[in-house]
Amino acid sequence: MSDPPWRRPARAYTPGVPAWGATREQAAEGFASVPMDSVSPEWAWGGSDGSGVRVCVVDSGVEGGHPMVGPVDLAMTAVQDEGGEVSMVPCEPTDRAGHGTACAGVIRSVAPGVSLSSVQVLTDGKTGSGPALIAGLSWAVEQNFDVINLSLATTRPALTAQLHELADRAYFRRCALVVSAHNRPVASYPWSFSSVISVASHDEDDPMTYYYNPAPPVEFHARGVRVPVAWPGGGTIRSTGNSFAAPHISGLCALILGKHPWLTPFQLKTVLFLCAGNTTGRLGGAHDETR
């Protein structure tokens with residue numbers, strides 16, 4: 001099979017065919033698909049450790065070398081000048097607050113073989129500027145990371161259009177954008193967009209247990225209550241929040257993409273649905289044995 005379609009140059013316009021259309025030869029091109037009748041957790045991620053998958057944590061930074069995190073392959077930070085323009089510049093793999101390190105440690109615990117990178121957009125783990133968030137997320141999407149973990153949300157309506165465009169851009173570039181829901185019942189973004197994988201917490205202890213939510217906008221529930229997480233300085237704490245549920249799903253996405261790198265976000269979300277704790281065994285096919 002040739003290069004993945006999402007990393008090819010845009011298809012040239014074909015005279016006689018409307019824009020974005022395809023000739024019968026182009027439409028007949030083969031592509032990898034999900035065998036719906038045989039999907040199971042073993043098919044999805046059995047034997048995978050996430051090797052070969054690039055995961056980016058857009059947050060407060062990540063402490064490289066932390067025992068629960070390991071190496072950070074690439075670290076960038078958002079720097080805003082006096083005129084308000086934001087540049088992404090390389091930095092040391094450090095954490096301003098601990099929130100990003102905690103998320104990175106969860107991802108590493110689920111998918112130990114992934115390549116972890118960090119984009120620093122928060123100042124203290126809770127706040128950051130809108131331009132820094134847009135610049136950091138845009139940079140991560142343009143770098144073609146396989147998975148981006150975004151354990152943060154904004155309530156500022158002025159950022160909605162830009163975040164929506166970025167979420168859609170990630171979706172069509174085959175970048176799985178995994179976003180935590182806000183911890184309070186308020187209107188916030190981008191977790192509520194359909195092109196992302198949205199996650200909130202459940203209170204069970206198993207890091208591999210997750211559930212599909214049939215009543216979106218939150219699509220999945222993963223471990224997020226009293227989670228043991230990495231903390232700057234080499235330490236560990238227990239913390240609660242949707243912020244720590246999202247990286248469990250990011251880790252699972254990395255495991256799945258480690259075995260099935262051709263999956264699009266649409267297919268990846270389908271696999272997550274088929275393997276969730278409350279759907280496995282209810283959909284027939286390969287799941288019949290668990291009934």
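## A mixed sheet and its helices

Strands S2 and S3 run antiparallel to one another, paired over five bridges. This is a predicted model, and the hairpin made by S2 and S3 is a handy place to start reading it. Five residues lie between the two strands, and Gly84 in the turn has a positive phi of about 95°. If you want a reference point on the ladder, Gln80 stands opposite Val86 in S3.

From the hairpin you can walk across the rest of the sheet. S2 (residues 74-80) also runs parallel to S4, joined by four bridges, and here Met76 faces Val119 of S4. S4 (residues 115-120) in turn pairs with S1 (residues 54-59), in the parallel sense, over six bridges. Cys56 has Ser117 in S4 as its bridge partner. S1 also pairs with S5 (residues 147-150), again parallel, over three bridges, with Val57 opposite Asn149 in S5. Further along, S6 (residues 176-180) and S7 (residues 197-202) are parallel partners over three bridges, and Val179 is matched with Ser198 in S7.

Here are those pairings side by side.

| Strand pair | Sense | Bridges |
|---|---|---|
| S2 and S3 | antiparallel | five |
| S2 and S4 | parallel | four |
| S1 and S4 | parallel | six |
| S1 and S5 | parallel | three |
| S6 and S7 | parallel | three |

Put together, the sheet is open, has nine strands and follows the order S3-S2-S4-S1-S5-S6-S7-S9-S8, with mixed pairing. Which strands stand at the edges? They are S3 (86-90) and S8 (211-212); each has a single partner strand, so one side of each is left without a neighbour in the sheet. S1, on the other hand, has a partner on either side, S4 and S5, in the strand order. S1 is also mostly covered, with five of its six residues buried.

Now for the helices. H6 packs on the sheet, where it touches S1, S5, S6, S7 and S9 (220-223). The direction of H6 makes about 125° with that of S7.

H6 (residues 242-259) also packs against H7 (residues 265-275), at an angle of about 110° and with the axes 11 Å apart. That angle makes H6 roughly perpendicular to H7, because 65 to 115 degrees counts as such. On the H6 side the contact uses Ile249, Leu252, Cys253, Ile256 and Leu257, and on the H7 side Leu268, Val271 and Leu272. What kind of residues are these? Eight are nonpolar, with no polar and no charged ones. The spacing of the H6 residues is worth a look with helix geometry in mind. An α-helix has 3.6 residues a turn, so residues three or four places apart point the same way.

H7 is mostly covered as well: nine of its 11 residues are buried. Among them are Leu268, Val271 and Leu272, and the buried set also takes in Gln267, Lys269 and Thr270. The cover over the buried residues of H7 includes H2 (41-45), H5, S6, S7, S9 and H6.

The second helix pair has another geometry. H4 (residues 130-142) and H5 (residues 160-172) have axes that come within 10 Å and cross at roughly 10°, which makes H4 roughly parallel to H5. Leu133, Ile134, Leu137, Ser138, Val141 and Glu142 in H4 meet Gln162, Leu163, Leu166, Arg169 and Ala170 in H5. This contact has a mixed make-up: seven nonpolar, two polar and two charged residues.

Last come the rings. The structure holds seven aromatic pairs. One of them joins Trp139 and Phe145, whose centres are 6.1 Å apart with 50° between the planes, a tilted arrangement. Both partners are buried: Trp139 at 15% relative accessibility and Phe145 at 1%. Another pair is Tyr212 with Phe220, with centres 6.0 Å apart and planes at 65°, so this one is edge-to-face. Buried or partly exposed, where do its two members fall? Tyr212 is partly exposed, at 25% relative accessible area, while Phe220 is buried at 1%.

Tyr212 and Phe220 also belong to a wider group, since ring pairs link Trp45, Tyr210, Tyr212, Phe220 and Phe273 into a cluster. By their numbering, Tyr212 falls in S8 and Phe220 in S9.

Terms used: Residues numbered from 1 in each chain as written. Predicted model: local features only at pLDDT ≥ 70, side-chain atom pairs only at ≥ 80, totals over all residues. Heavy atoms only, no water. Axes fitted to C-alpha atoms, helices over the stretch in contact; angles between N-to-C directions. Parallel < 35°, antiparallel > 145°, perpendicular 65-115°, else oblique. Contact = heavy atoms within 4.5 Å. Nonpolar A, V, L, I, M, F, W, Y, C, P; charged D, E, K, R; others polar. Buried < 20%, exposed > 50% of the residue type's maximum accessible area, 1.4 Å probe, protein only. Pairing = 2+ DSSP bridges. Phe/Tyr/Trp six-rings, centres within 6.5 Å; stacked < 30°, edge-to-face > 60°.
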